[in-house]
Amino acid sequence: MDHRIEPGAKVSIDGIARDFDVSPTPVREALARLESEGLVVKRALRGYTAAPLLDAEGLRKLFEMRRILEPAATGLAAARMTPATVAALEELADEMRASASSSQDEGNRYQDYRDFADQDARFHRVIAEHSGNDLLADAIVRLRSHMHLYRLYFKHGIEQDTSGEHEAVLDALRRRDPDAAAAAMLDHIEHSYARMAPHVDD
């Protein structure tokens, strides 16, 4: 995530095992997990390489899918909101605000804002999982696995905007208003794309 292994670079199982003074087995297990999260790519006879960053077209396609899927899931979730789910989302929103505040004076490494990025992913996952449609939720979670875009495009200064947009989504979910919830999620996704797109290479 910090580009110590550059996008597209070969990932050596033996080299990592030596660096961490472990056997190759846990390294292979870790790489299999990273492959499922879209952070590394495994190719026959070539081994693992770090996943390339999304280009402008890849980012456009990713957000096109998010525009289609996530507002629909959020609208469905609004009709199924329980006090426990609202409380879980409120707790995540509070954690995100705290992470945003604590990272203001840090550097621009992924480590400095990883908590916020993880909380952001969980916020979206909880909503998707409460849509009542397992296939829809699975598709959204798989889209979110493209976390490697954060290595370049998730920078400081956007946490406060993101938290505010999440609060609008949460407010509609509290009111169990499907139309407002879907509209708030679409607005959030549109703003997220607008923040990232200008910084992506064609």
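In this predicted model, three strands make up an open sheet, running in the order E1-E3-E2 with antiparallel pairing. Strand E1 (10–11) and E2 sit at the edges, and each of them pairs on one side only. Strands of a sheet pair through backbone hydrogen bonds, and this can happen in a parallel or an antiparallel fashion.

The pairing of E2 with E3 can be followed residue by residue. Strand E2 covers residues 40–43 and strand E3 residues 47–50, and 4 bridges link the two in the antiparallel sense. Val40 has Ala50 as its bridge partner in E3, while Val41 is matched with Thr49 of E3. As for how the chain gets from one strand to the other, E2 and E3 form a hairpin with 3 residues in between. Leu45 lies in that turn and has a positive phi of about 65°. In a regular strand, side chains alternate between the two faces of the sheet.

On to the helices, where H9 turns up in two packing pairs. Two packed helices are described by the angle between their axes and by the distance between those axes. Helix H3 (residues 56–78) packs against helix H9 (residues 178–196) at an angle of about 160°, and their axes are 7 Å apart. H3 and H9 are therefore roughly antiparallel to each other, as angles over 145 degrees count as such. Their crossing is right-handed. From H3, the contact draws on Leu59, Arg60, Phe63, Arg66, Arg67, Glu70, Pro71, Thr74, Gly75 and Ala78. These meet Pro178, Ala181, Ala182, Met185, Leu186, Ile189, Glu190, Ser192, Tyr193 and Met196 in H9. Sorted by class, the contact of H3 with H9 has 12 nonpolar, 3 polar and 5 charged residues.

The other partner of H9 is helix H8 (residues 159–174); the axes of H8 and H9 come within 8 Å and cross at roughly 170°. That angle makes H8 roughly antiparallel to H9. The crossing of H8 and H9 is left-handed, whereas that of H3 and H9 is right-handed. On the H8 side, the contact is made by Asp161, Thr162, Glu165, His166, Ala168, Val169, Ala172 and Leu173. H9 supplies Ala180, Ala181, Ala184, Met185, His188, His191, Ser192 and Arg195. By class, the residues where H8 and H9 touch divide into 8 nonpolar, 5 polar and 3 charged. Some H9 residues serve both contacts: Ala181, Met185 and Ser192 are among those that meet H3 and also among those in contact with H8.

Definitions and conventions: Residues numbered from 1 in each chain as written. Predicted model: local features only at pLDDT ≥ 70, side-chain atom pairs only at ≥ 80, totals over all residues. Heavy atoms only, no water. Pairing = 2+ DSSP bridges. Helix = DSSP H or I, 4+ residues; strand = E, 2+ residues; numbered from the N terminus. Axes fitted to C-alpha atoms, helices over the stretch in contact; angles between N-to-C directions. Parallel < 35°, antiparallel > 145°, perpendicular 65-115°, else oblique. Left-handed = near helix turned anticlockwise from the far one by under 90°. Contact = heavy atoms within 4.5 Å. Nonpolar A, V, L, I, M, F, W, Y, C, P; charged D, E, K, R; others polar.
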